[in-house]
Structure formats: structure tokens, C-alpha cells
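Please work through the following exercises with the sequence and the model open side by side. Each task is followed by a solution that proceeds step by step.

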Amino acid sequence: MTQIKNIGVYTSGGDSPGMNAAIRAVVRTAIYYNLEVTGIRRGYDGMIKGDLFPMNRKSVSNIIGRGGTILKTARSEQFKTPEGRKLAHEQLLANGVDALVAIGGDGTFTGARIFGEEFDFPIVGLPGTIDNDLCGTDFTIGYDTAINTVINAVDKIRDTAESHDRLFIVEVMGRDSGLIALRTGIASGAEAILIPESKTDLAAVFERLESGRKDKSSKIIMVAESGEVSDAFEIGKQIKERFPQYDTRISILGHIQRGGRPSCMDRVLASRVGVAAVEGLMKGHRNEMVGLIHNQIAFTPFEHAIKHNIDINEDFLKIVEILSI
Ligand code: ATP
């Protein structure tokens with residue numbers, strides 16, 4: 001095992017609150033152990049173009065509470081090609097980088113796994129995505145902040161829904177995962193939650209609206225984006241047709257879910273896994289993601305982390321059914 005001297009760090013894919021706290025943890029831990037650390041801007045795109053710079057203790061001063069990522073993030077089609085990855089490898093060698101910490105989601109780790117195997121390059125990943133859709137960690141960096149952003153927004157929507165006796169269909173992010181919708185649906189007292197993973201369909205929602213209390217003044221239906229039953233507008237159209245008596249409105253929360261100051265939970269998670277990533281690289285870990293399982297640091301191979309077979313807790317859907325009477 002060759003000794004690591006210079007760790008490169010980058011953020012890639014969609015940004016998430018807490019990525020800065022993770023960058024800070026990686027940089028400070030590397031310096032603590034007398035390693036050099038190199039920042040790579042705009043993920044794989046910057047790696048290919050040689051947008052690398054040395055980082056020091058001060059490079060990460062006062063960023064722990066900031067949303068977004070100071071390293072910027074990007075998507076790179078070029079990195080999906082062997083030629084693109086070869087260019088990236090040349091840039092890393094030219095800058096003396098001999099190990100990497102990748103902060104991102106499943107696409108980022110897919111790229112990292114291919115690159116790591118192709119060039120026998122040590123890479124450890126940190127789960128940076130609001131979607132919470134990675135195996136090998138109970139929570140991803142940014143998820144806690146995002147769900148708190150959602151419930152704060154839905155509380156406000158609830159105020160106006162209540163005042164006007166309205167039914168609101170609220171669409172939240174999550175790509176192919178309903179984990180944001182599931183948790184925030186419970187936390188905001190939704191009547192129903194529509195997520196890609198569950199068998200819940202519009203017929204079940206109709207039934208709930210039909211059998212539910214007629215004197216309820218506000219109703220919230222939480223929908224995960226790209227769910228099986230199409231988007232919030234389509235669902236809204238069908239509900240309007242079926243229940244013309246309801247004053248139905250649609251609210252797509254959109255990118256506010258990605259921004260904002262990271263919560264305490266996300267800052268602590270990012271700090272813990274950031275320290276563990278650098279220590280893990282020094283101990284010989286590679287091609288793995290660092291997460292927290294039952295509050296303990298855990299390393300999971302990239303190919304398992306990106307599997308997308310996260311079971312949803314069916315109890316959560318039952319809770320919604322019971323509590324929305
Ligand atoms: P989020 O879940 O927040 O969207 P992500 O990491 O999944 O984050 P992606 O856009 O899917 O975001 O992936 C980020 C980058 O990873 C891509 O732009 C691409 O450069 C690289 N990548 C993804 N898939 C591959 C692949 N099969 N081969 C090589 N690189 C890949």
C-alpha cells in the first residue's frame with residue numbers, strides 16, 4: 001500500500017446543504033494528518049479541465065453553516081467516456097493528487113467506481129444528496145435540511161389552505177425516491193402520500209378523500225416528483241374532475257429544497273463522515289462510501305451504495321392513514 005500524500009476533494013451532481021461542512025471536514029482532517037489537499041472545482045468537469053487548486057486551513061473558514069458548495073458542482077458527459085476519464089487522470093497526476101474524496105450521489109459514485117478501477121486510484125465517497133437514496137447510510141448529507149425546508153413551506157401552505165378551505169397538492173423532490181415525501185408527509189399531517197415505491201395509487205387517494213371527514217377545512221396531498229402516477233398537475237386535474245367541490249391548488253416546491261443553511265444534523269453528519277473518509281483512505285479504504293448506520297461509521301462498496309433498493313417503511317404509510325382521519 002503506497003502512502004497517500006495529496007487528497008483531492010470535489011462535489012458533483014446535485015448540490016445539497018452540508019456539502020460545505022463535508023469539504024471543510026476533509027480539508028481540515030487532511031491537514032491535521034500532515035497531508036496536502038487539493039480542491040477540484042465543478043466535479044468531473046473541472047477534473048478534466050484541470051481546475052485544481054491547493055487548499056489550506058483557511059480555504060474552508062466560515063463555511064460550515066453555508067448552503068451550496070464552495071467547490072461548485074457540475075454534471076459531465078465527457079467523464080462518461082474513457083477519453084474523458086483519461087484526461088481527468090492526467091490532470092490529477094500533474095497536480096500530484098494521489099487519492100480522492102468524492103462528495104455526491106449515485107451518479108458521482110458510479111463515475112468514481114469506474115475511474116477508481118480503471119486507474120487503480122483510491123477514492124472514498126461521502127453521501128451528498130438531499131434524496132436520501134443511497135444504501136449504506138441511514139441519512140445522506142442534506143436530507144435533514146431539505147425535509148425541514150419542506151415542512152416549513154408546507155406549514156405556510158397549510159395556513160392559506162385552512163383559511164380558504166383548500167386542498168393542496170404539494171410536489172417535493174426526490175428523483176426516483178419518495179423518501180422526502182414520505183417523512184414530510186407525516187410531519188405536515190398530509191391526507192395522503194404518493195410515492196414511486198408504494199402501491200398507493202390515485203384510486204386509493206380518491207377513496208380516502210371520499211371516506212374522509214367532510215368538515216376538514218384543509219387538505220394536503222404530498223406527491224414525490226416522477227412518481228408512478230405522473231406529476232402533480234396531472235393528479236390535480238384528476239382530483240378537480242372527481243371532486244369539483246374542493247378548491248384544489250398545486251404547489252411545486254422546487255429548488256428551495258436544495259438550498260439554505262444546513263441543519264445541525266447535516267453539519268454533524270458531514271463532519272463525522274468527512275473525518276472518517278480521510279482516515280479511511282489512510283488506512284487503505286477505496287471504492288467505498290462512508291456513511292452512518294445506526295449512528296456508527298460504516299464503509300460500503302460503491303456498487304452496493306448505489307443500488308437504489310432502499311426499502312421504504314410501510315409503517316409510515318399506515319401512520320398517514322391512521323392519523324389523517
Ligand atoms: P444527485 O443524486 O444529487 O443528482 P448524482 O451524483 O447522482 O447527484 P448525477 O448527475 O447522476 O448526480 O452524476 C454526477 C456525474 O457523475 C455525472 O455528470 C457524470 O459526470 C458522472 N457519472 C454518472 N454516471 C456515470 C457513468 N456511468 N460513468 C462515468 N461517470 C458517470
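**Exercise 1.** Find which residue of strand S9 is the bridge partner of Ile169, and then establish how strand S6 is placed within the structure.

*Solution.* Begin with the partner in S9, which is Ile250; in strand S8, the bridge partner of Ile169 is Ile221. Helices (H or I, at least four residues) and strands (E, at least two) are DSSP runs, numbered from the N terminus, and two strands pair if DSSP finds at least two bridges between them. On that basis S6 pairs in the parallel sense with S9 (residues 247-252) over six bridges, and with S8 (residues 219-224), also in the parallel sense, over six bridges.

The model is a predicted one, in which local features need pLDDT of at least 70 and side-chain atom pairs count only at pLDDT 80 or more, while totals for chains, interfaces and linings use all residues. Residues are numbered from 1 along each chain as its sequence is written, and side-chain values use heavy atoms, with hydrogens and water left out.

Next, consider the two directions in which the side chains of S6 point. In a regular strand the side chains alternate between the two faces of the sheet. Arg166, Phe168, Val170 and Val172 point one way from S6, Leu167, Ile169 and Glu171 point the other way, and all are buried (buried means under 20% relative accessible area, exposed over 50%, and partly exposed in between, with a 1.4 Å probe and protein chains only). Because seven of the seven residues of S6 (residues 166-172) are buried, the strand is largely enclosed by the rest of the structure.

**Exercise 2.** Describe the largest nonpolar core and identify which residues have the most contacts inside it.

*Solution.* A nonpolar core is a set of buried Ala, Val, Leu, Ile, Met, Phe, Trp, Tyr and Cys residues joined through side-chain atoms within 4.5 Å. The largest such core has 32 residues, and those with the most contacts inside it are Ile7, Val9, Met55, Val101, Ile103 and Leu126. Among the elements that each supply at least two residues of this core are strand S1 (6-11), helix H1 (19-32) and helix H9 (264-283). Another core, of 28 residues, lies apart from it, and includes Ala146, Val154, Ile220 and Phe316.

**Exercise 3.** Determine how Asp45 and Lys49 are joined, and whether each of them is buried or exposed.

*Solution.* Asp45 forms a salt bridge with Lys49, the closest N and O atoms being 3.1 Å apart (a salt bridge is a side-chain nitrogen of Lys or Arg within 4 Å of a carboxyl oxygen of Asp or Glu). Both residues lie in helix H2 (residues 43-49), four residues apart, which is about one turn of the helix. Asp45 counts as buried at 14% relative accessibility, whereas Lys49, at 54%, counts as exposed.

Now turn to a pair that links distant parts of the chain. The side chains of Asp120 and Arg286 meet in a salt bridge (2.7 Å, N to O). Asp120 is in the loop between helix H4 (106-118) and S5, and Arg286 is in the loop between H9 and S10, 166 residues apart. Asp120 is exposed, with a relative accessible area of 57%, while Arg286 is partly exposed at 34%.

Finally, salt bridges that share partners join Arg41, Arg42, Asp45, Lys49 and Asp51 into one network.
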